[in-house]
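Visitor: I am new to this structure and would like a close look at a single part of it. Please choose one place, describe what surrounds it, and explain your terms as you go.

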Amino acid sequence: MTIYGMAHRGDPGKHAENSLMSFQSAIDKGFAYLEIDVHLSKDGIPMVMHDETVDRMTDGSGRVADYTCEELQRLHLPGGERVPTLEEALLLAKGRIQVDIELKQAGDRHPGLEQAVLDVIRQHELYDEVFITSFDHYAIQRLRELSERIRLGIINSSVSPAFFPWMKQYRVRYLSIGHPFITDAFVRACEREEVQLIAWTIDEEAVMRRYARDWPEVLVCTNELDRWASVQGGGRG
């Protein structure tokens, strides 16, 4: 049974966030979508990590961008796992779950990140199984200039009518918004614009129940996979 929901960094309530075990758990629970975060290593390899630094999630310290891929994979996540590459994560997910790749780009923090991520997707022919999102909308614009095929989305804390003309110009289909800002009027606007709305990050049961009841078309992003599975009930495939 498929759960119409997005597993935020995998299944962080059960395993280290953004780890292969966390991703496997989301797959095993039948989630339709997985959200992962990507930075670029010192030697140009897309690595799966949320924070700009490794301090919170590993036994190391310092910026992800100051480590090579090999050095990052010598560090330990909680539970003893290692930091995965984007390629490892996508190969695990291939044919099993759709993946939202969030680029942790910010201005010129990671020169070349967009191309490096596209290269992994192209190498394994994963265009139909992934889409790329970012808070950095210029990064999304650059991605469209680099690829006509890649599916794209933007992330924002709040809502705005200004999104839609820009999204149409760059053929951006996904829109991820902080859930407190979402209203029925905005849900209907996204429907009219043929935009897939994603609400982040919803962990409270009462809020989940409202979305399941009133806005089942909205893709709920959550850390609480078991709770959402219970509320949503696998009613969509």
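Guide: The answer below starts at one helix and then follows its surroundings outward.

This is a predicted model, in which local features need pLDDT of at least 70 and side-chain atom pairs count only at pLDDT 80 or more, while totals for chains, interfaces and linings use all residues. Residues are numbered from 1 along each chain as its sequence is written, and side-chain values use heavy atoms, with hydrogens and water left out.

The part to look at is helix 5, residues 137–146; helices (H or I, at least four residues) and strands (E, at least two) are DSSP runs, numbered from the N terminus. Its N-terminal end is capped by D136, which places a side-chain oxygen 3.1 Å from the backbone nitrogen of Y138. Within helix 5 the buried residues are A139, I140, Q141, L143 and R144, where buried means under 20% relative accessible area, exposed over 50%, and partly exposed in between, for a 1.4 Å probe and protein chains only. These buried residues pack against strand 4, helix 4, strand 5, strand 6 (152–156) and helix 6. Q141 counts as buried because its relative accessibility is 18%, and, apart from residues up to four places away in sequence, Q141 touches W166 and Y170, contact being heavy atoms within 4.5 Å.

From helix 5 the view passes to Q105, whose contacts beyond its neighbours within four places in sequence are H110, L113, E114, S134, D136, A139 and R142. That list includes D136, the residue that caps helix 5, and also A139, one of the buried residues of helix 5. Q105 sits in the loop between strand 4 (98–103) and helix 4 (113–123), and with a relative accessibility of 6% it is therefore classed as buried. The side chain of Q105 forms a polar contact of 3.1 Å with the side chain of E114; such a contact is a pair of N or O atoms within 3.5 Å, of which, within protein, one must be able to donate a hydrogen and the other to accept it, and residues adjacent in sequence count only if both atoms are side-chain atoms. A polar atom of the Q105 side chain also lies 3.0 Å from the backbone nitrogen of H110.

Helix 4, one of the elements against which helix 5 packs, leads on to the interior. The largest nonpolar core, a set of buried Ala, Val, Leu, Ile, Met, Phe, Trp, Tyr and Cys residues joined through side-chain atoms within 4.5 Å, has 58 residues, and I36, I101, I121, I132 and L175 touch the most other members. Helix 4 provides the largest share of this core, with 6 residues. A second, separate core has 12 residues, among them M47, Y67, L72 and L75. I36 is in contact with N18, F23, V48, L86, A89, V99, D100, I101 and E102, its neighbours within four places in sequence being left aside.

After helix 4, on the way to strand 5 (130–134), the chain runs through a loop that contains E125. Most residues other than glycine have a negative phi. E125, although not a glycine, has a positive phi of about 50 degrees, and it counts as exposed because its relative accessibility is 51%.

A comparable look can be taken at helix 6. R171 is found in the loop between helix 6 (163–169) and strand 7 (174–178), and this residue, again not a glycine, has a positive phi of about 55 degrees. With a relative accessible area of 42%, R171 is therefore partly exposed.

To return to the starting point, helix 5 is capped by D136, and its buried residues pack against elements that include strand 4, helix 4 and helix 6.
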